[in-house]
Amino acid sequence: MSSQSEPTPDPASETASLDAGKRVIPSWTDPFAATATRPIGGPLGEHAVIGRHWFWTPLRVGLLLAVLTLTLGWFGKAACIQQYTNDAGQAELDWRSGKPYVAMCYSDIVPLYGAEQLDRPGTFPYATQWVENEGTPQEQVRYMEYPVLTGLFQWVNAKLTHAWTEASEAGWLPGALPVAVYFNVTALFLGLAWLAAVWAVARTARRRPWDAALVAVSPLVVVHAFTNFDTLAAALAATGLLAWARRRPMLAGVLFGLGAAAKMYPLFLLGPLLVLCLRAGKPRTWVKTAVSTALTWAAVNLPIALAFPDGWREFFRLNAERGMDPDSLYNVISYFTGWTGFDGELVRGESPVWLNAVSGALFLACCAGIAYLGLTAPVRPRVAQLCFLVVAAFLLTNKVWSPQYSLWLVPLAVLAIPRWRLLLGWMIIDAVVWVPRMFYYLGTDDKGLPEGWFLGTVVLRDIAVIGLCVLVIREIYRPSTDLVRMGGEDDPAGGVLDRARDAYVFRRRRSVTAAR
């Protein structure tokens, strides 16, 4: 490790092709974007007036595109909240004949309304318990299985559903099945969360606000915005990065802490920030963010943990006992090799120790490699680059990759590698995995697909994500190929790290051959 007193070379200043005060126009700089503009007249004209329209800014266009994409996503799930009248003359949810899989409209939100006891008035997450598989050897007491903020989000939506149902029975509002009302209420707030993510990416990207359009129109949003509750954590992570970019480390920590209370992955963003702050000699700024993250997470979790300890531990218990997910790398290996050593004989109430150890060790090894990359690169990597690598490493090595987890990568990927064709290619591949997954769950007896077809698309998705990681690493070691730095910027999401000098850098030793 060496301490540097001289200024760090700034390759961005050497490769800048655009003035730092100008907005990057994708139809000029990206071949795919230029082609996509042909139906509306082609690339922007050389003498066009930019930034003068009274209403249609890039951000507002991006938000409009996001609203349209979210609307498509809602229609994609709408088939699963349709109802029919049974033989007793009562209205029921129409999930007959494997409809959620045939129509590919499955959403966790719908079955969880009843499974988590949210349909019952007077219940409260983490306090309410129920017995699963009662009367069988697999009998088990269960509680809300989500982190606290996500559990409370579901509870609030259930309360709004009960209020709507009461108002509809009084004739004040249109009526529907309570579960359909619950889904629509939840979808409204999940959609607003994704709009916040689009807004945050557009603001963080600074001179590249049009890149947020990729977040807005992502095929993954169409498929998974309403599959689960992950847009909440994605929005909090994206706004946390924006707060960091605006040099508000404590606010960033608050948002990361809230994100971690919804899903754990926003905590991973603290790792890249630590590495980069150490390299820039700004550990105090990181400490402010880390402390505010911990305090915020504790403020949300401690009241529930102290009042309902068994219910609060449910999320951690289930994650420890959970086996490998069908979408995971371990299931792919097990299927194609026939080796069942990862899970072994999984017994209810016991954790797959070997699987947990392997997945944890692989993720830690990847994090160590990313830290080494951040400390040895010729120029300090951008925040979004390392954050993308860490989250991608977690998904690739984790024993669970639920399909909606891919939403976590979308804002980070757009900020890390704003290459439209490559990102849309990955998003399309990732979204298409949903099709064989649904028909695999349908079962071959009901004319579904065998597991091999589904896992084949999983492999393609993993290869696509690995390819993006390789590209990010290449651009870190060759910053002259980084589109953001080619545009005249250093690190738009860097905050205090933007254009900061290096204080400490680990220099890689040259080999004997190279020295000669």
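Here are short questions and answers on the side-chain contacts of this predicted model.

Me: What makes Cys 80 and Cys 105 a disulfide?
Reply: Their sulfurs are 1.9 Å apart. The cut-off is within 2.5 Å, so the pair counts as a disulfide. A search of the whole structure finds one disulfide.

Me: Why is the disulfide of Cys 80 and Cys 105 called right-handed?
Reply: The torsion about the S-S bond is about 70°, so the disulfide is right-handed.

Me: Which parts of the chain does the pair of Cys 80 and Cys 105 tie together?
Reply: Cys 80 lies in the loop between helix 4 and strand 2. Cys 105 lies in the loop between helix 5 and helix 6. The two parts are 25 residues apart in sequence.

Me: How do you know whether Cys 80 and Cys 105 are buried or exposed?
Reply: Cys 80 has 1% relative accessibility, and Cys 105 has 0%. Buried means under 20%, so both cysteines count as buried.

Me: Why is Cys 367 not bonded to Cys 366?
Reply: The sulfur of Cys 367 is 7.0 Å from that of Cys 366, the closest cysteine sulfur, and this is too far for a bond. Cys 367 is partly exposed, at 24% relative accessible area. Cys 469 is in no disulfide either; its nearest cysteine sulfur, in Cys 366, is 8.8 Å away.

Me: Why are Phe 153 and Phe 229 called an edge-to-face pair?
Reply: Their ring centres lie 6.2 Å apart, with 80° between the planes. Pairing needs centres within 6.5 Å, and edge-to-face needs over 60 degrees. Both conditions are met, so the name fits. The pair links distant parts of the chain: Phe 153 is in helix 7, Phe 229 in the loop between helix 10 and helix 11, 76 residues apart. Phe 153 and Phe 229 are buried.

Me: What makes Asp 327 and Arg 437 a salt bridge?
Reply: Nitrogen and oxygen of the two side chains are 2.2 Å apart. The limit is within 4 Å, so the pair qualifies. Asp 327 lies in the loop between helix 15 and helix 16, and Arg 437 in helix 21, so the pair ties together parts that are 110 residues apart in sequence. Asp 327 is buried at 0% relative accessibility. Arg 437 is buried at 7%.

Me: How many helical turns separate Arg 313 and Asp 310?
Reply: About one, because they are three residues apart in helix 15. Their side chains meet in a salt bridge at 2.6 Å, N to O.

Me: Why does Arg 313 count as partly exposed?
Reply: Its relative accessibility is 43%. Partly exposed runs between 20% and 50%, so Arg 313 falls in that class. Asp 310, at 42%, is partly exposed as well.

Me: How do you know that Arg 419 and Glu 475 form a salt bridge?
Reply: Their closest N and O atoms are 2.8 Å apart, and the limit is within 4 Å. Arg 419 is partly exposed at 24% relative accessibility, whereas Glu 475 is buried at 2%.

Me: What makes the charged end of Arg 96 sit over the ring of Tyr 84?
Reply: One test is distance: it lies 3.8 Å from the ring centre, and the limit is within 6 Å. Arg 461 lies over the face of Trp 401, at 3.6 Å from the ring centre.

Technical notes:
Residues numbered from 1 in each chain as written. Heavy atoms only, no water. Phe/Tyr/Trp six-rings, centres within 6.5 Å; stacked < 30°, edge-to-face > 60°. Helix = DSSP H or I, 4+ residues; strand = E, 2+ residues; numbered from the N terminus. Buried < 20%, exposed > 50% of the residue type's maximum accessible area, 1.4 Å probe, protein only. Lys NZ or Arg CZ within 6 Å of the ring centre and 35° of its normal.
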